[in-house]
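Me: I am new to this structure and would like a close look at a single part: the aromatic rings, and what surrounds them in the chain. Please go through it step by step.

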Amino acid sequence: MSMIQTGKVELTSEHPVEKKGGQTHTFTRVDFPTPFPAGSTVIVQTTVQTFNGPHTPGIRLHEVSESGFLIRMNELFGAGVTGDGVHTAETVGWTAYTV
């Protein structure tokens with residue numbers, strides 16, 4: 001049986017763009033209101049719901065588990081686009097579900 005949970009988080013960034021995988025000290029922890037059953041495969045999708053800053057706010061996720069996930073605003077970087085990493089508060093909606 002599939003299970004779905006939704007929520008939102010206010011994110012801001014006061015740090016440079018993270019360019020190296022696994023460095024999560026600038027991420028924010030989001031805990032699900034109700035943990036998913038043990039052993040579940042959890043998928044998290046996000047979308048920025050506001051337009052408060054001039055640069056495009058990329059979203060990075062890490063350590064998605066049955067109990068929650070780590071999230072960080074990481075301005076777009078690469079392919080000729082260079083954000084400085086500092087970004088004002090934005091509302092990020094999330095949907096988590098099992099497959």
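Reply: A few words on exposure are needed before anything else. A residue is called buried when its relative accessible area is under 20%, exposed when the value is over 50%, and partly exposed in between. The model is predicted, and every value below is computed from it.

The framework comes next, as the rings have to be placed in it. The protein has 8 strands and 0 helices. Along the sequence, the pattern is therefore β-β-β-β-β-β-β-β, where strands are DSSP runs numbered from the N terminus. Of the 99 residues in the protein, 34% are buried. The exposed surface is about 6,000 Å², and carbon and sulfur atoms supply 53% of this area. Among contacts between residues at least 6 apart in sequence, 75% join residues at least 24 apart.

Now to the rings. A pair of aromatic rings is described by two values, the distance of the centres and the angle of the planes. The structure holds 4 aromatic pairs. One of them is formed by F32 and F36, with 5.0 Å from centre to centre and 85° between the planes, an edge-to-face arrangement. F32 has a relative accessible area of 5%, so this residue is buried. F36 is at 3%, so F36 counts as buried too.

F69 and W94 form another pair: their ring centres are 5.7 Å apart and their planes stand at 75°, so this pair is also edge-to-face. The F69–W94 pair links distant parts of the chain, since F69 belongs to strand β5 and W94 to strand β8 (residues 87-98), with their positions 25 residues apart in the numbering. F69 is buried because its relative accessible area is 0%. W94, at 6%, is buried as well. Taken together, F32, F36, F69 and W94 form one aromatic cluster.

Two strands of the cluster can be followed into their sheets. The strand of F69, β5, is part of an open sheet of 3 strands with the order β2-β5-β4 and antiparallel pairing. The edge strands of this sheet are β2 (28-31) and β4 (59-62), each of which pairs on one side only. From one strand to the next, the twist averages 35°. β4 is joined to β5 (residues 68-73) by 4 bridges, and the two run antiparallel. As an example of a position in this pairing, H62 stands opposite L70 in β5.

The strand of W94, β8, is part of another open sheet of 3 strands, in the order β1-β8-β3, again with antiparallel pairing. Its edge strands are β1 (4-13) and β3 (42-48), and each pairs on one side only. Here the twist from one strand to the next averages 25°. Between β1 and β8 the antiparallel pairing extends over 9 bridges. Within β8, A96 is the bridge partner of Q5. The F69–W94 pair thus has one ring in β5 and the other in β8.

The edge strand β2 covers residues 28-31, and this stretch also holds a contact between charged side chains. Side chains of opposite charge can pair when their charged atoms come close. R29 and D31 meet in this way, in a salt bridge of 3.0 Å from N to O. The structure holds 1 salt bridge. R29 has a relative accessible area of 36%, so R29 is partly exposed. D31 is exposed because its value is 51%, over the cut-off of 50%.

The loop on one side of β5 deserves a mention. E63 lies in the loop between β4 and β5. Most residues other than glycine have a negative phi. The phi of E63, however, is near 50°, a positive value. E63 counts as partly exposed because its relative accessibility is 49%.

One last contrast comes from a loop residue that is covered. V17 sits in the loop between β1 and β2. V17 is buried because its relative accessible area is 10%, under the 20% limit. The C-alpha atom of V17 is separated by 5.6 Å from that of N74, although the two residues are 57 apart along the chain.

Key: Residues are numbered from 1 along each chain as its sequence is written. This is a predicted model: local features need pLDDT of at least 70, side-chain atom pairs count only at pLDDT 80 or more; totals for chains, interfaces and linings use all residues. Side-chain values use heavy atoms; hydrogens and water are left out. A salt bridge is a side-chain nitrogen of Lys or Arg within 4 Å of a carboxyl oxygen of Asp or Glu. Buried means under 20% relative accessible area, exposed over 50%, partly exposed in between (1.4 Å probe, protein chains only). Two strands pair if DSSP finds at least two bridges between them. Axes are lines fitted to C-alpha atoms, for helices over the stretch in contact, and angles run from 0 to 180 degrees between N-to-C directions. Rings of Phe, Tyr and Trp (its six-membered ring) pair if their centres lie within 6.5 Å; planes under 30 degrees apart count as stacked, over 60 as edge-to-face and the rest as tilted. Contact means heavy atoms within 4.5 Å. Accessible areas come from the Shrake-Rupley method with a 1.4 Å probe; for residues, only the protein chains shown count as cover.
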